[in-house]
Amino acid sequence: MARRTITVHHVRAVLRGAERHGVDTVPLLRGAQIPPLLLGDDRARVTAPQFARLFRELYRATQDEFLGLGSAVSRPGTFAMMCQAALGCRDLGAAVERGATFYGLFPGGPDLVLERRGGEAVFGVRSDLEQDYFLAECLVIIWHRLCSWLIGRRIPLRWAEFGHPPPPHKDEYELLFGCPVRFGAERTGAGFDPHWLDAPLVRDEDALDEMLRRAPFELLSRREYGTTVAEQVRRVLARALRSSPRLPSLGEIAARLAVSPATLRRRLAQESTSYQRLKDAVRRDAAIAGLVEGREPIAELAARLGFSEDTAFHRAFRRWTGTTPGAYRTETERPPGAPPYDSSSDAFPSGGGPSGGGGASDGGSEEAPRG
């Protein structure tokens, strides 16, 4: 199943720390197989493996788990030690509080807080992190995913809010966090049901070592847990695309989910998406992944994705990314003899790094695909 792709806005954001410190980011982008020219188009997207490789390159260049985005360096190994400290706690609430206390010991470190108020739990970033609000967002994302990993279950967020105005890519956020979002708040944070704080931790040191070896890919990857209707529809579409260019219709998916087509449309609208937008997003992500990670001829890729002719695929791809399939493949091709991508090779030496993982925003309807 094709992974969700990541907006170029997040690529630009994660590079800002290195740029502030005078690091030449062009070699880092090329090491991650991300064409530097993509950064000039707001429509451009990259794959999750490309983004994970960029984290690796930035980590090596900055020797900072915050990748130069914070006001102070977070030395390599800090995140791993925080996880070790939290692992022995009796429940998730105690683990989060211990982790927040741990980071509070470092001058210039993030001021994290866990509060219980009004029938909900709130994890927030109290310091403004004025140097880069992207880091505050990353901290909320990585703590949410780490907490879910610690208890072995996805914790649904009720809401997320951000202490900055809505960015150009604001439509990405509900997909990224899986909940309603609000901008211009007093601070950045997220709320969830407090009963999760009583959940016992189910991970041991061996599991932690394995997770850290796979960081940041393990925590960057946004898993689809099937907890929203949009996730269920997208999963059906992505699985179908692996075997046939003809994708199931909205009525066919509604039957699989045991609801009427009208009910399915309404529930998708409540989640700020639609069947057509999800179908286009699945094709877009599969196209980008096919060009970056495979050797499939472009004409065959277009046919596999359900486009009746090459010109229709080229028009759609340019609308998705701002460039042509041929130009994208040329820029992102692996060097001759390079092995296929392996996420385990992107491990941080001691785990860590902020997570800015990407949910895909859904594009508009595309023309000429079959089904």
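In this predicted model, strand 7 (residues 188-192) is mostly covered, and five of its five residues are buried. Thr188, Ala190 and Phe192 point one way from the strand. Gly189 and Gly191 point the other way. Side chains in a regular strand alternate between the two faces of the sheet. In strand 7, the residues that point either way are all buried.

Strand 7 has a partner on each of two sides. Strand 4 (residues 120-125) pairs with strand 7 in the antiparallel sense, over five bridges. Within this pairing, Phe123 stands opposite Ala190 of strand 7. Strand 5 (residues 157-162) also pairs with strand 7 in the antiparallel sense, here over four bridges. Glu161 has Gly189 of strand 7 as its bridge partner. Trp159 is bridged to Gly191 of strand 7.

These pairings belong to an open sheet of five strands. The strand order is 3-4-7-5-6, and the pairing is mixed. Strand 3 (112-117) and strand 6 (181-183) form the edges, each pairing on one side only. Neighbouring strands of the sheet are turned against each other by 15° on average, direction ignored.

At one edge, strand 3 pairs with strand 4 in the antiparallel sense over six bridges. Arg117 has Glu120 in strand 4 as its bridge partner. Strand 3 and strand 4 form a hairpin with two residues between the strands. Gly118 in this hairpin takes a positive phi near 55°.

Helices pack on the sheet as well. Helix 5 (residues 92-104) touches strand 3 and strand 4. The direction of helix 5 makes about 145° with that of strand 3. Helix 6 (residues 133-151) lies across strand 3, strand 4, strand 5 and strand 7. Helix 6 runs at about 140° to strand 4.

A helix pair was examined next. The axes of helix 1 (residues 8-20) and helix 3 (residues 48-62) come within 10 Å and cross at roughly 5°. Helix 1 is therefore roughly parallel to helix 3, because angles under 35 degrees count as roughly parallel. On the side of helix 1, the contact involves His10, Val11, Val14, Leu15 and Ala18. These residues meet Phe51, Leu54, Phe55, Leu58 and Thr62 in helix 3. By class, the contact has eight nonpolar, two polar and no charged residues.

Thr5 lies in the segment before strand 1 (6-7). Its relative accessible area is 1%, so Thr5 is buried; the cut-off for buried is under 20%. The side chain of Thr5 makes a polar contact of 2.8 Å with the side chain of Arg45. A polar contact of 2.5 Å joins the side chains of Thr5 and Asp285. Thr5 is also linked in space to a distant part of the sequence: the C-alpha atoms of Thr5 and Ala286 are separated by 8.9 Å, although these residues are 281 residues apart along the chain.

Backbone angles were then considered in two loops. Most residues other than glycine have a negative phi. Gln63 is not a glycine, yet has a positive phi of about 50°. Gln63 is found in the loop between helix 3 and helix 4 (78-87). With a relative accessibility of 42%, Gln63 counts as partly exposed. Ala258 is another residue other than glycine with a positive phi, in this case near 60°. The loop that holds Ala258 runs between helix 11 (250-256) and helix 12 (261-270). Ala258 is exposed, because its relative accessible area is 69% and the cut-off for exposed is over 50%.

The protein as a whole was also summarised. Its secondary structure comes to 16 helices and seven strands. Of its 371 residues, 56% count as buried. Contacts between residues at least 6 apart in sequence were counted too, and 72% of them join residues at least 24 apart.

Technical notes: Residues are numbered from 1 along each chain as its sequence is written. This is a predicted model: local features need pLDDT of at least 70, side-chain atom pairs count only at pLDDT 80 or more; totals for chains, interfaces and linings use all residues. Side-chain values use heavy atoms; hydrogens and water are left out. Buried means under 20% relative accessible area, exposed over 50%, partly exposed in between (1.4 Å probe, protein chains only). A polar contact is a pair of N or O atoms within 3.5 Å; within protein, one must be able to donate a hydrogen and the other to accept it, and residues adjacent in sequence count only if both atoms are side-chain atoms. Axes are lines fitted to C-alpha atoms, for helices over the stretch in contact, and angles run from 0 to 180 degrees between N-to-C directions. Angles under 35 degrees count as roughly parallel, over 145 as roughly antiparallel, 65 to 115 as roughly perpendicular and the rest as oblique. Contact means heavy atoms within 4.5 Å. Ala, Val, Leu, Ile, Met, Phe, Trp, Tyr, Cys and Pro count as nonpolar, Asp, Glu, Lys and Arg as charged, and the others, Gly among them, as polar. Two strands pair if DSSP finds at least two bridges between them.
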